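Here are my notes on the model you sent. They are numbered so that you can follow each point with the structure open.

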Amino acid sequence: MAVLVVADHDNQTLKDNTHKVVTAALAISGDVDVLVAATNTAALAAEAAKIAGVRKVLTAESAELGQGLAEAFQDLIVGLMGNYDAVLTPATTQGKNFSPRVAAKLDVSQISDVVEVVDANTFVRPIYAGNALETVQSSDAKKVLTVRPTAFKATAEGGSAAVESVSAPAAPAKSRFVDQKIVKSARPDLGAAKIVVSGGRAMGSAEEFQKIIEPLADKLGAAVGASRAAVDAGYAPNDYQVGQTGKVVAPELYIAIGISGAIQHLAGMKDSKVIVAINKDGDAPIFQVADYGLVADYKAAVPELMSELAKVGR
Amino acid sequence: MKVLVPVKRVIDYNVKARVKADQTGVDLANVKMSMNPFCEIAVEEAVRLKEKGAATEIVAVSVGPQQAQETLRTALAMGADRAILVLTDQDLEPLAVAKVLKAIIAEESPELVLMGKQAIDGDNNATGQMLAALLDWPQAAFASEVVIEGGKAKVTREVDGGLQTLDVNLPAVVTADLRLNEPRYASLPNIMKAKKKPLDVKELGSLGVDTTAKLKVVKVTEPPKRGGGIKVETAADLVMKLKNEAGVL
């Protein structure tokens, strides 16, 4: 049985999520193809071809695919599924946008946010904000999965797959891209960063968030995250949100500052390797998942942390 | 414009789910249940569209047990005009729910379906997109702003790294993200009024929809617990531990 992986990219570079989902796909089948759908695919396809274990790279080019229109992705993937027994997509906002449409058109159940492949029909996924793990067995002939990238290690490079173009679907008649505001940042991608520094409601203002969280993140070469409370209060932009409904991260080091640790926030970061919490409330639930807790006011603790980090050469 | 708002009764947002000892699922006995928070946001948006004059009628729909009538009454108290309960004790998969909603839409012919992006129990984030596909309607998922003008919906969506704006022809499916609005609390007079609003109950079987489960739940387990952490006294201690003990600096 052959498996299709839908590549994650920003029309410029291929994201590491692709390599991670290939790992999940290889647990299902040895025949894994990668689909690169974008405005221009040449450079992206060349990168995808280097992923170890990939049999073939398929490319499809159109403006609507580059814009990520769900209807265009649906038509493209459904058209290809005659050759595949499963399609795996990273559980990013883009993947979550189109993948259920593919499942519905194929009349199969989507298995969302897969964190473990038990066998070709059996998968583990978090439910209830990660407070439970559900193992499900699918009876569908074709599987449609979104895969949580942080749960899988990226495959190595070293492949040399053939690249083959397929025709792009017609432009969707009923929806049209208007514009996009993507925040440009010199910092690493939140989903892929080795270190994440997150701020919570205790920051009290956007200015304070920028003054406290961002310099610490930059000192550590980290991505910046935020709790839902901080985002709702307008202290940080929405794409910083870590949690059940925001991004799920699993960095080597997660530093939570002024975050109480609501269930839905923990759902987004509790698989981090090492968790540090700085909070002046010693009873805050964040300390139950923290490896290292510092009960202190961040106003004093973060500047101290900055100078201590400088002493060890960070 | 008629707006259909599907809503789901789920475990309350503030309650921590506990896995049953026999690993068959999550224990929902004697647990507080509420309207899914994203569904609340969708109801609120529909009510605001009506207040602005963009919507004329709001129909709330739920697929679930008798108790889901309470959830529908909440939607009515927030401002929905009438409600439909598709009665079933089965726990339906998102695809089955989408098929049921499609059958209701065939009867109701709404121009807009506004629903939550995900339910906080199954966390699937799939029903709205599946419904759009089954209807061959355009979709705008994860909405943070919805403007209705000239037979179209202009929707700003939350995407990785920022925001995207789409124009979709009506009829369309729009799914609500967290920051679309802050739902109102129903006032006591509105709660009283909601008791008199029409609530139609249909048996699932009467719709002629195949809702057979395609997934078998093998088991539901607790996630691995994190080992107990320690408290450090100072920032200097913390840096030393991170460098020497955890090796992450």
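1. Helices and strands here are DSSP runs, a helix having at least four residues and a strand at least two, and they are numbered from the N terminus. Counted in this way, chain B has six helices and 13 strands. The model is a predicted one.

2. Confidence comes next. The average pLDDT of chain B is 96, and 100% of its residues score at least 70. For the model, ipTM is 0.95 and pTM is 0.94.

3. Consider chain B as a whole. Its C-alpha atoms fill a box of roughly 65 × 45 × 40 Å along the principal axes. Chain B has 249 residues, of which 49% count as buried. If one takes the contacts in chain B between residues at least 6 apart in sequence, 69% of them join residues at least 24 apart.

4. How many residues of chain A are in contact with chain B? The number is 70, and they meet 65 residues of chain B. Helix α5 (residues 93-106) of chain A gives the largest share of chain A's side, with nine residues. Sorted by class, that side of chain A holds 30 nonpolar, 21 polar and 19 charged residues.

5. One open sheet has four strands, in the order β6(A)-β7(A)-β8(A)-β12(B), and the pairing is antiparallel. Its edge strands, each paired on one side only, are β6 (116-119) of chain A and β12 (215-221) of chain B. On average, neighbouring strands in this sheet are turned by 30° against each other, direction ignored.

6. Look at the pairings inside that sheet. Strands β7 (residues 122-127) and β8 (residues 132-138) of chain A run antiparallel and are joined by six bridges. Across from Val124(A) stands Thr135(A) in β8(A). Between the chains, β8(A) pairs with β12(B), again in the antiparallel sense and over six bridges. Here Leu133(A) has Thr221(B) of β12(B) as its bridge partner.

7. A second open sheet has ten strands with mixed pairing, ordered β11(A)-β9(B)-β8(B)-β7(B)-β10(B)-β6(B)-β1(B)-β4(B)-β5(B)-β11(B). Which strands are at the edges? They are β11 (175-182) of chain A and β11 (199-203) of chain B, each of which pairs on one side only. From one strand to the next, the twist averages 25°.

8. Helix α3 (residues 94-108) of chain B packs on this ten-stranded sheet, where it touches β1 (2-6), β4 (57-64) and β5 (82-87) of chain B. The direction of α3(B) makes about 145° with that of β4(B). Elsewhere in the sheet, β8 (residues 152-159) of chain B runs antiparallel to β9(B), with eight bridges joining them. Lys154(B) stands opposite Asp167(B) in β9(B).

9. Now compare two helices, beginning with α1 (residues 16-26) of chain A. Nine of its eleven residues are buried, so helix α1(A) is largely enclosed by the rest of the structure. Among the buried residues of α1(A) are His19(A), Lys20(A) and Val21(A).

10. In helix α6 (residues 235-245) of chain B, the buried residues include Ala235(B), Leu238(B), Val239(B) and Leu242(B). These four cover an arc of only 95° around the axis, so they lie on the same side of α6(B). As background, an α-helix has 3.6 residues a turn, so residues three or four places apart point the same way. The buried residues of α6(B) pack against β15 (274-279), β16 (292-295) and α9 (298-311) of chain A, and against β13 (230-232) of chain B. Asn244(B) and Glu245(B) are exposed, on the face of α6(B) turned away from its buried side. Just after α6(B), Gly247(B) takes a positive phi of about 65°.

11. Two residues that are not glycine also have a positive phi: Asp113(A), at about 60°, and Asp136(B), at about 55°. Are they buried or exposed? Asp113(A), in strand β5 (residues 110-114) of chain A, counts as buried because it has 23 C-beta neighbours inside 10 Å. Asp136(B), in the loop between α4 (127-135) and β7 (139-149) of chain B, counts as exposed because it has 11 such neighbours.

12. Finally, check one peptide bond. The bond from Leu170(B) to Pro171(B) is cis, with omega near 5°. Pro171(B) is in the loop between β9 (162-169) and β10 (172-176) of chain B.

Note on methods
Residues numbered from 1 in each chain as written. Chains lettered and ligands numbered in written order. Predicted model: local features only at pLDDT ≥ 70, side-chain atom pairs only at ≥ 80, totals over all residues. Buried ≥ 20, exposed ≤ 12 C-beta atoms within 10 Å, placed from the backbone. Pairing = 2+ DSSP bridges. Axes fitted to C-alpha atoms, helices over the stretch in contact; angles between N-to-C directions. Contact = placed C-beta atoms within 7 Å. Nonpolar A, V, L, I, M, F, W, Y, C, P; charged D, E, K, R; others polar. Arc of directions from axis to C-beta. pLDDT = per-residue confidence, 0-100.
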